[in-house]
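Trainee: Got a minute to go through this one with me?
Mentor: Sure, put it up and ask away.

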Amino acid sequence: MNPLAVELLLAINSLFPVSPNLKEIHQAKGSVDGYQAWERQELTRVAESFGPFWDFARKDVLDLGCGLGGKTVAYAQMGAASVTGLDLRSHSLRAADEENRQHNPDPAKVRFCLSDAAAMAFADASFDVIVSVNVLEHVDDLYFTLRECKRVLRPGGVMLFHFPPFYSPWGAHLEGWINFPWPHVFFSDQTLIEAARRIEEEQRRNTAYIPTAQVKWSELNRLPELNRVTAQQFAHLLDALDLRVLRQEMLPLGYHYFARSGPFHSQILGFLRKLAWTPVARELVTTKMSWVLGHPPRQQTTTP
Ligand SMILES: C[S@@+](CC[C@H](N)C(=O)[O-])C[C@H]1O[C@@H](n2cnc3c(N)ncnc32)[C@H](O)[C@@H]1O
């Protein structure tokens with residue numbers, strides 16, 4: 001690790017105020033209730049990007065990587081026949097179960113399951129919808145996870161995946177410690193971790209966060225829990241697994257801000273949207289991707 005690079009990163013960081021978005025996340029990470037509320041509230045934005053596919057009514061739903069369950073319970077309240085929340089952290093599932101008992105008038109519709117998404121114990125064709133928000137960038141083995149999703153999805157069912165590509169502005173997941181976008185494009189993992197460790201030493205962010213949101217910087221030598229998948233690599237995996245893309249949205253940087261403002265803003269948004277569909281540029285400009293996937297259409301049998 002280069003000490004000069006760490007000093008440079010810290011100097012740049014001090015020039016960037018904490019954005020309102022980051023302040024919101026920082027506050028949410030302060031309590032389990034706050035974080036669950038934030039999980040739920042994020043759904044309004046997520047839903048828009050899936051259009052008509054965002055429909056849980058009378059469906060058997062799998063929430064892959066359900067975390068503290070804020071979203072899981074919301075899917076049940078949107079009319080799902082059943083919702084299964086799956087995660088590999090048992091303490092998250094305990095909080096999710098509590099959330100379900102407190103906030104769901106019909107808690108029996110929801111069950112939680114401790115499992116790695118890459119090796120699920122469900123029977124083939126168990127779910128109509130597999131929804132996963134902010135998870136696919138974290139799973140260790142994305143190929144096996146997607147293969148499992150394909151196996152447990154019913155014919156005619158859909159997968160709804162929403163997550164950032166690695167080189168997106170906040171793809172390093174350093175919010176709370178580093179305030180400027182794309183730090184991982186310019187600095188090595190070792191530099192980022194050392195800078196985050198020094199910021200932690202000074203600002204003690206971890207003491208204000210719930211355990212799932214804490215990061216032990218001094219024990220790391222690589223950015224934690226990230227598989228670094230890019231948009232292009234993800235698209236290749238879908239090809240390799242013969243998954244059909246039913247809809248794809250690349251949400252560019254500033255999307256929500258420009259979408260609600262005046263005519264000049266809509267021109268900027270139009271330009272950013274174009275960039276988000278341009279190879280290479282899309283990896284950097286896209287903040288979140290929304291993919292709707294399904295089984296491939298049945299092969300036509302042709303008679304000679
Ligand atoms: C950032 S949280 C997102 C939680 C929730 N989906 C939400 O949007 O509020 C990512 C979650 O994915 C879970 N996760 C990561 N890898 C996983 C895997 N291989 N199998 C199951 N869950 C996993 C983590 O434990 C964590 O709870």
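**Strands, cores and the ligand shell**

Mentor: Let's start with strand β7, residues 286-294: it is mostly covered, with 8 of its 9 residues buried. Keep in mind that this is a predicted model.

Trainee: OK. How do β5 and β7 run where bridges join them, parallel or antiparallel?
Mentor: Antiparallel, with 5 bridges joining β5 to β7. One pair to look at is M159, whose bridge partner in β7 is L293.

Trainee: And how many bridges join β6 to β7?
Mentor: There are 8 bridges between β6 and β7, and those two strands also run antiparallel. On that side, L251 stands opposite K288 in β7.

Trainee: Zooming out, what's the strand order in the sheet?
Mentor: It's an open sheet of 7 strands, ordered β3-β2-β1-β4-β5-β7-β6, and the pairing is mixed.

Trainee: Which strands stand at the edges?
Mentor: β3 (110-114) and β6 (244-252) do; each has a single partner strand, so one side of each has no neighbour in the sheet. From one strand to the next, the twist averages 15°.

Trainee: Let's move to β1. What does it pair with?
Mentor: β1 pairs with β2 in the parallel sense, over 5 bridges. Another 3 bridges join β1 (residues 60-64) to β4 (residues 127-133), again running parallel.

Trainee: What stands opposite V61 in those two strands?
Mentor: In β4, V61 stands opposite V129. In β2, V61 has V83 opposite.

Trainee: How many residues of β1 are buried?
Mentor: 4 of its 5, so to speak of β1 as mostly covered is fair by the 20-neighbour cut-off for burial.

Trainee: Switching to the core. Which residues of the largest nonpolar core touch the most other members?
Mentor: V61, Y75, V129, I130 and M159, out of 52 residues in that core. Strand β5, residues 153-163, gives the most to this core, with 6 residues.

Trainee: What is I130 in contact with, leaving aside its sequence neighbours?
Mentor: Once you skip anything within four places in sequence, I130 contacts L62, L64, C149, L153 and M159. Apart from that core lies another one of 13 residues, including L174, W177, F187 and W217.

Trainee: I've been staring at F161. Where is it found?
Mentor: F161 is in strand β5.

Trainee: Why does F161 count as buried?
Mentor: Because F161 has 23 C-beta neighbours inside 10 Å, and the cut-off for buried is 20 or more.

Trainee: What does F161 touch?
Mentor: Not counting residues up to four places away in sequence, F161 touches S132, L136, W291 and L293. L293 should ring a bell, as M159 has it for a bridge partner in β7.

Trainee: And how many Å separate the C-alpha atoms of F161 and D239?
Mentor: 16 Å, with the two residues 78 apart along the chain.

Trainee: Last topic, the ligand. Which residues come nearest?
Mentor: E39, G65, G67, A117 and V133, of the 20 residues around the ligand. The elements giving two or more residues to that shell are α5 (70-77) and β2 (82-87).

Trainee: How do the shell residues divide into nonpolar, polar and charged?
Mentor: You get 8 nonpolar, 6 polar and 6 charged.

Methods: Residues numbered from 1 in each chain as written. Predicted model: local features only at pLDDT ≥ 70, side-chain atom pairs only at ≥ 80, totals over all residues. Near = placed C-beta within 6 Å. Nonpolar A, V, L, I, M, F, W, Y, C, P; charged D, E, K, R; others polar. Core = buried A, V, L, I, M, F, W, Y, C linked by C-beta atoms within 7 Å. Buried ≥ 20, exposed ≤ 12 C-beta atoms within 10 Å, placed from the backbone. Contact = placed C-beta atoms within 7 Å. Pairing = 2+ DSSP bridges. Axes fitted to C-alpha atoms, helices over the stretch in contact; angles between N-to-C directions.
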